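Reader: I keep running into words like "buried" and "contact" without knowing what stands behind them. Could we go through one structure and test each word?

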Amino acid sequence: KHNLLPPGPPVRFLTGNLHQRPTSQPWLTYADWSKQYGPVVTLRTFHKTEIILNSARSALDLLDARSAVYSDRPVSGRIIARSSMFQLSSMDARFPQYRRMLLAGLNRRATQRYRAAQEQQLTVLLRGLAKDPEAFLALIQTYVCVCPSLVSLPTAHSYVAAIALRIAYGYQVSAEKDRFVTLIESASRAIIALRQSPFYFELFPFLRFLPSWFPLAEFKRAVAKHKPVMDAMVSVPFNWAKTKIESGSHEESFFSHHFRPDESVGDVPQGEEEREILKWTSAAIYVGGAHTTTSAIASFFLLMSTHPAAQQTAQAEIDRIVGNGRLLTLDDQKHLPYVTAVLKETLRWAPVAPLGLPHKVTRDDIYDGYLIPKGTTVIANIWAITHDPEVYPNPFVFDPARHLGETPQRDPFDFVFGYGRRVCPGATLAEESLFLAIANILAAFSIAKAHDAEGKEVEPNVEWRTATVTFPTNLRCLIVPRSPDMLASITM
Ligand code: HEM
């Protein structure tokens, strides 16, 4: 048995499971397969092996407990986004420093530095929501670049974009068509376009050595086309922030905290390589944080519109704490367990990254008697894990109360932010930005199902985008201020 891979759907000669690979919401198909083949499922495509972990136990046993060998990334991603923090090999000499820099700049103590900026952006968000709730929802979608027809809408009011850029660089998003937001969104679209490139390149990475005029090297031409905007995404904000620091007119940020303008000053000299790492870690804050947090806020709107009782319970809790209508801050969180439970349940019910990011194992391993060969891509099916009835009874029911009481169910934060040495370094910041957003939105607004032209409620008909970061599309709901006074006082 030790030479056997974990079970999986039957393979065809040469192409393996290619004919069965799901093209839409693969996490659902993988979860179905796990009922037949067990929680650890093998998939083969030509010579490539992928192992999908569909249970909490297998994900924690392998990706967390054996993280020393399960923390590499597959090569294909590295080809798409060279030097990107997300794809950096765990064997790369720069990896520990990348991680250290991100964790030190984004841990709970460090994020306190950004509280004022977060609260300021929050006021902008609440005002924007009051002024044009419909547009706000469109903006969320624009932000994720799922709908090209919406891309021209102003993204400047986006709470998350603004927070990410302020925290990363101390940059304040300007009114409409902000140049950094536009640039970064163009680069995000380029990355999405590259991900849709021919699959054979992913399967046979050696094709990257073909000259770009070669017929099969289409992907290489696409990389060359998109490279300038992807490079600009990291270097333009970097150069802006550097100039600000050098002129002494900067706002405190992740960047300013790590950047040393003069190499000879300070106890740690800053060389070319360290600057390069800082450039990519700063960009990772936007790339990693913006779409994910936005997706969670979108799911929150959807769930509040369909679960009025949960919404009212959360609002009653908020009203008891801040009857006077002030802005809720992170210091209030300890008094708001139900609101915190709404946040946890939103991320459990609609995990933002249903398949996380792929890991790669760096040496042969044995698990439950099966072989997991060196080089295998290992994917945690986060969606299946947060819908596992053994961990979360009645998993399809949205029930914040499951996270409360003497014996709360397992904290979904243990799963939704990934695992081991690759666990999301922005988890604390994400939790804080999300808490601030949802608590204050609940304090100020009521969220209900959208109405049709005759004023009748319309059942939401959302579809979940198939991508690394999913998102409820076709999202519509009715957002109305709970009371004009309350709104006026918290956005004053
Ligand atoms: C609701 C919000 C978020 C969710 C659900 C989320 C989830 C994830 C997941 C599942 C991974 C992959 C972990 C793995 O490979 O096992 C990840 C990686 C990452 N996330 Fe997040 N994330 C969120 C917000 C953020 C924020 C706010 C930031 C930055 C400030 C961020 C920065 C990153 C980075 C840089 C990585 C790559 C880590 C690495 O490859 O070593 N994320 N995130």
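Reader: What makes the pair of Arg73 and the ligand a polar contact?

Author: In this predicted model, a polar side-chain atom of Arg73 lies 2.7 Å from an oxygen atom of the ligand. A polar contact is a pair of N or O atoms within 3.5 Å; within protein, one must be able to donate a hydrogen and the other to accept it, and residues adjacent in sequence count only if both atoms are side-chain atoms. So 2.7 Å fits the cut-off of 3.5 Å. Arg422 has a polar side-chain atom 3.0 Å from a ligand oxygen, while Tyr419 uses a backbone N or O atom, also at 3.0 Å.

Reader: Which elements give two or more residues to the shell around the ligand?

Author: Those are α4 (95–106), α13 (272–306) and α18. The most comes from α13, with five residues. In total 26 residues surround the ligand, and Arg73, Arg99, His359, Tyr419 and Cys424 are the closest. A residue gets into that group if one of its heavy atoms lies within 4 Å of the molecule.

Reader: Before we go on, what should I know about the numbering and the model?

Author: Residues count from 1 along each chain as its sequence is written, and side-chain values use heavy atoms, with hydrogens and water left out. As the model is predicted, local features need pLDDT of at least 70 and side-chain atom pairs count only at pLDDT 80 or more, whereas totals for chains, interfaces and linings use all residues.

Reader: Why is Cys424 called a donor of the iron atom?

Author: Its SG atom sits at 2.3 Å from the iron of the ligand. Donors are N, O and S atoms within 2.8 Å of the metal (3.2 Å for Na, K and Ca), so this sulfur qualifies. Cys424 is the only protein donor, but water is not among the atoms, so sites may look incomplete. Along the chain, Cys424 is in the loop between α17 (413–416) and α18 (427–444). Helices (H or I, at least four residues) and strands (E, at least two) are DSSP runs, numbered from the N terminus.

Reader: How do you know whether Ser71 is buried or exposed?

Author: Buried means under 20% relative accessible area, exposed over 50%, partly exposed in between (1.4 Å probe, protein chains only). Ser71 has 1%, so it is buried. This serine belongs to the loop between α2 (56–64) and α3 (75–80). Its side chain reaches the backbone oxygen of Ser67 at 2.7 Å.

Reader: Which residues is Ser71 in contact with, leaving aside its neighbours within four places in sequence?

Author: Contact means heavy atoms within 4.5 Å, and Ser71 has it with Ser90, His359, Lys360, Arg421 and Arg422.

Reader: What makes β1 an edge strand?

Author: An open sheet of four strands runs in the order β1-β2-β6-β3, with mixed pairing. Both β1 (40–45) and β3 (359–360) are edge strands because each pairs on one side only. Two strands pair if DSSP finds at least two bridges between them. β1 and β2 (residues 48–53) have six, in the antiparallel sense, with Val41 opposite Ile52 and Thr42 opposite Ile51. They form a hairpin with two residues between them.

Reader: How many residues of β1 are buried?

Author: Five of its six, so by the under-20% rule the strand is mostly covered. Across the chain, buried residues make up 54% of the 492 residues.
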